[in-house]
Amino acid sequence: MAQAKTSAARHVPRSTSRDAGVLGTSVRIRGKISGEGDLQILGSVEGDVVVRGDLTIGESASIETENLEAQAVTIQGEVKGDVNATGPVRLGRTARVHGDLKGSEISIEEGAQFAGRIEADFELPASLGKR
Amino acid sequence: MASTVIGANITIEGEVIADEDVVVQGTVRGKLSAKDGVTVESGAVVEADVSGGPMTLAGQVTGNVTSTDRVELQSGARVVGNVKAARITIADGAHFKGNVDMDV
């Protein structure tokens with residue numbers, strides 16, 4: 001829990017309302033979603049999601065994907081498939097994730113369900129790296 | 001009170017189905033069906049058949065448009081396709097190529 005808070009605080013979201021997209025709770029999308037801005041998904045998506053900005057997957061969302069790419073990814077809903085983030089990945093309390101997670105840092109809150117592998121890119125401290 | 005906004009930099013290729021209002025500022029290719037209103041803002045590109053309730057089109061739409069209510073083509077809109085609706089308005093400055101079916 002503390003870990004989650006740290007990572008959320010460290011990442012400063014760039015809020016550009018014009019770029020932001022919201023896919024509401026009743027929306028179902030079958031196909032590919034791509035974009036430059038931030039995206040919030042509350043509905044259901046079947047297909048790939050590739051965005052340059054931050055991705056937020058709400059509690060009501062369910063996503064079935066081969067590939068999910070974004071900067072920071074916050075998951076509160078259901079995801080089946082792999083998550084490839086360049087920024088931090090955060091699994092909230094209500095998250096149900098089945099797939100591999102990749103990100104600069106990964107945090108999983110208590111209560112989240114997760115089955116898969118975790119791959120986090122981070123640099124070892126110099127003292128450890130030299131060994 | 002639109003709860004779905006497809007932002008200016010978002011592209012969706014595929015099928016979009018919504019039970020609520022949809023505002024498109026970005027790009028949609030494929031199919032777009034909403035139970036409620038559809039707004040295609042200026043700068044948006046929709047290459048899809050669009051169906052739904054009241055529609056306000058100010059951007060570029062290529063595809064057939066079917067509305068259970070009214071369709072409003074605003075100035076600057078560019079619509080290529082057939083429009084089927086109970087009511088339709090085409091503003092001065094709107095570009096439109098296609099048939100209109102008002103189901104009389």
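Which residues does B:E15 touch, not counting residues up to four places away in sequence? The answer takes in both chains: A:I29, A:R30, A:G31, B:G30 and B:K31. Touching, or being in contact, here means that the C-beta atoms of two residues, placed from the backbone, lie within 7 Å.

Before going further, a word on what is being looked at. This is a predicted model, in which local features need pLDDT of at least 70 and side-chain atom pairs count only at pLDDT 80 or more, while totals for chains, interfaces and linings use all residues. Residues are numbered from 1 along each chain as its sequence is written, with chains lettered from A and ligands numbered from 1 in the order in which they are written. The pLDDT is the predictor's confidence in each residue, from 0 to 100. For chain A the average is 84, and 82% of the residues score at least 70. Residues 1-18 of chain A are another matter, with pLDDT below 50; this stretch has 17 contacts in the model beyond near neighbours in sequence.

Now for the chains themselves. Chain A holds 2 helices and 17 strands, and chain B has 0 helices and 15 strands. Both kinds of element are DSSP runs numbered from the N terminus: helices are H or I with at least four residues, strands are E with at least two. Of the 131 residues in chain A, 42% are buried; in chain B, 44% of the 104 residues count as buried. A residue is buried if 20 or more other C-beta atoms lie within 10 Å of its own, exposed if 12 or fewer, and partly exposed in between, with C-beta atoms placed from the backbone.

Contacts between residues at least 6 apart in sequence were also sorted by how far along the chain they reach. In chain A, 9% of them join residues at least 24 apart, and in chain B the figure is 1%. The C-alpha trace of chain B spans about 35 × 25 × 25 Å along its principal axes. Its radius of gyration is 12 Å, which agrees with the value near 13 Å for a compact globule of 104 residues. That radius is taken over C-alpha atoms, and the globule rule is 2.2 Å times the number of residues to the power 0.38.

The two chains meet through 21 residues from chain A and 20 residues from chain B. On the side of chain A that touches chain B, the elements giving two or more residues are β1 (21-23) and β2 (28-35) of chain A. Of these, β2(A) gives the most, with 8 residues. Sorted by class, this side of chain A has 7 nonpolar, 8 polar and 6 charged residues. Ala, Val, Leu, Ile, Met, Phe, Trp, Tyr, Cys and Pro count as nonpolar, Asp, Glu, Lys and Arg as charged, and the others, Gly among them, as polar.

What does β2(A) pair with across the chains? It is joined by 8 bridges to strand β2 (residues 10-18) of chain B, and the two run antiparallel. Strands are said to pair if DSSP finds at least two bridges between them. Here A:R30 has B:E15 as its bridge partner, and A:G31 has B:G14. Within chain A, β2(A) also runs parallel to strand β4 (residues 44-46), with 3 bridges; A:I29 is partnered there by A:V45. A parallel pairing over 3 bridges links β2(A) to strand β5 (residues 49-51) of chain A too, where A:G35 stands opposite A:V51.Back to B:E15, which sits in strand β2 of chain B. This residue is partly exposed, because 17 other C-beta atoms lie within 10 Å. B:E15 and B:K84 are 69 residues apart in sequence and 20 Å apart in space, C-alpha to C-alpha. By contrast, B:G26 is buried, with 26 other C-beta atoms within 10 Å. B:G26 lies in the loop between β3 (22-24) and β4 (27-34) of chain B. Leaving aside neighbours within four places in sequence, its contacts include A:G21 and A:G35 as well as B:I6, B:G7 and B:A44.

Last comes the largest nonpolar core, with 60 residues, of which B:L32, B:V46 and B:L57 touch the most other members. Such a core is a set of buried Ala, Val, Leu, Ile, Met, Phe, Trp, Tyr and Cys residues joined through C-beta atoms within 7 Å. β2(B) gives the most to this core, with 4 residues.
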